[in-house]
Amino acid sequence: MKIIIIEDEKPAARLLKRRVEKLDYQISEMLHTIEESVNYLKTNPNPDLIFLDIQLSDGLSFEIFNQVDVSSAIIFTTAYDEYVLKAFKLNSVDYLLKPVDEEELKFALEKFEKQHQTKSNFDLSEIKKLFSSNQQEKFKERFSVKIGTSIKIIETENIECFFSENKASYIHTKENRNYLIDFSLDKIEEQMDPNKFFRINRSQIIQLDSIKEITIYSNSRLKIILNTYKDIDMIVSREKVSDFKNWLEQ
């Protein structure tokens, strides 16, 4: 039986190889990129089974199947949560969340053995479609912040705004507390749901649900009053006023 691993994190690939071989299976090859995998699959017979990481360093591993026909069974290995992975249970041999658990690995291989004997097929296009759809809507749901020797988890729904001051970025929560975070506002803006959060100027991002009042300000700008944040005036910059109004109405 021929088994290969496609995984961009080499330590994770080596660990998975050791655990598979501990169960008396042999790994024929370990590949780490889309390009490397395509070249291998074009020049070698299809393996019986592929352990496939979804997110590789050069893109989504689904791109492999746009370039080469693959008839192998697949066990997905991924760090994505079960919301995205529901279809995998129906269409693939199985999926394994990282870090890979030995008992779950054993169960997945036993499941593969049964399907391999009956030549079961699965619809990879349906898996790709579901993953791509959900991936587009995936936004950051929580932040971890350090408080002394402790770590506090802050859910995004509990965040009133983000702001920068003296080259540092902060979260302001609905409990009227500020927490230092290791992200720039540019990075935060990329990760937040644009239906809920809006960057009103270079140094402030606000959450829609936390707006208490909006007033007209000088030079065609707007002033935002939030429920608890009072430290620095929240002014929508003139070039963002039109987009801000559209955001409120969407």
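What covers the buried residues of H8? Among the elements that do are E13, E14, strand E15 (211-216), strand E16 (222-226) and strand E17 (234-236). Keep in mind that this is a predicted model. Let's start with that helix and work outwards.

**Helix H8 and its buried side**

H8 spans residues 241-249 and lies across E13 and strand E14 (204-207), running at about 160° to E13. Its buried residues are Val241, Phe244 and Trp247. They cover an arc of only 120° around the axis, which puts them on the same side of H8.

**The three-stranded sheet**

E15, E16 and E17 make up an open sheet, in the order E15-E16-E17, with antiparallel pairing. E15 and E17 are the edge strands, each with a single partner, so one side of each has no neighbour in the sheet. On average, neighbouring strands here are turned by 30° against each other, direction ignored. H8 packs on this sheet, where it touches E15, E16 and E17, and its direction makes about 140° with that of E15. Looking at one pairing in detail, E16 and E17 run antiparallel and are joined by three bridges. Ile224 has Met234 in E17 as its bridge partner.

**The five-stranded sheet**

E13 and E14, the strands that H8 lies across, belong to an open sheet of five strands, ordered E12-E11-E10-E14-E13 and paired antiparallel. Its edges are strand E12 (178-181) and strand E13 (197-201); each has a single partner strand, so one side of each is left without a neighbour in the sheet. Neighbouring strands of this sheet are turned by 25° against each other on average, again ignoring direction. At the E12 end, strand E11 (residues 168-173) runs antiparallel to E12 and is joined to it by four bridges. Here Tyr170 has Leu180 in E12 as its bridge partner.

**Parallel pairs elsewhere in the chain**

Strand E1 (residues 3-6) pairs with strand E2 (residues 27-31) in the parallel sense, over four bridges. Ile6 has Leu31 in E2 as its bridge partner. To get from E1 to E2 the chain passes through helix H1 (residues 10-22), and this β-α-β crossover is right-handed.

Then there's strand E6 (residues 73-78), which is mostly covered, with six of its six residues buried. Which residues point which way from E6? Ala73, Ile75 and Thr77 point one way, Ile74, Phe76 and Thr78 the other, and all are buried. Strand E3 (residues 49-53) runs parallel to E6, with five bridges joining the two. Leu52 stands opposite Phe76 of E6.

Here are the strand pairs covered so far, side by side:

| Strand pair | Sense | Bridges |
|---|---|---|
| E1 and E2 | parallel | four bridges |
| E3 and E6 | parallel | five bridges |
| E11 and E12 | antiparallel | four bridges |
| E16 and E17 | antiparallel | three bridges |

**The whole protein**

Stepping back, the secondary structure comes to eight helices and 17 strands. The protein has 250 residues, and 41% of them count as buried. What about contacts between residues at least 6 apart in sequence: what share of them join residues at least 24 apart? That share is 53%. Finally, the accessible surface comes to about 14,400 Å², and 45% of that belongs to carbon and sulfur atoms.

Notes: Residues are numbered from 1 along each chain as its sequence is written. This is a predicted model: local features need pLDDT of at least 70, side-chain atom pairs count only at pLDDT 80 or more; totals for chains, interfaces and linings use all residues. Side-chain values use heavy atoms; hydrogens and water are left out. Two strands pair if DSSP finds at least two bridges between them. Axes are lines fitted to C-alpha atoms, for helices over the stretch in contact, and angles run from 0 to 180 degrees between N-to-C directions. Contact means heavy atoms within 4.5 Å. Buried means under 20% relative accessible area, exposed over 50%, partly exposed in between (1.4 Å probe, protein chains only). The arc is that of the directions from the helix axis to the C-beta atoms. A crossover is right-handed if, with the strands pointing away from the viewer, the path from the first strand over the helix to the second runs clockwise. Accessible areas come from the Shrake-Rupley method with a 1.4 Å probe; for residues, only the protein chains shown count as cover.
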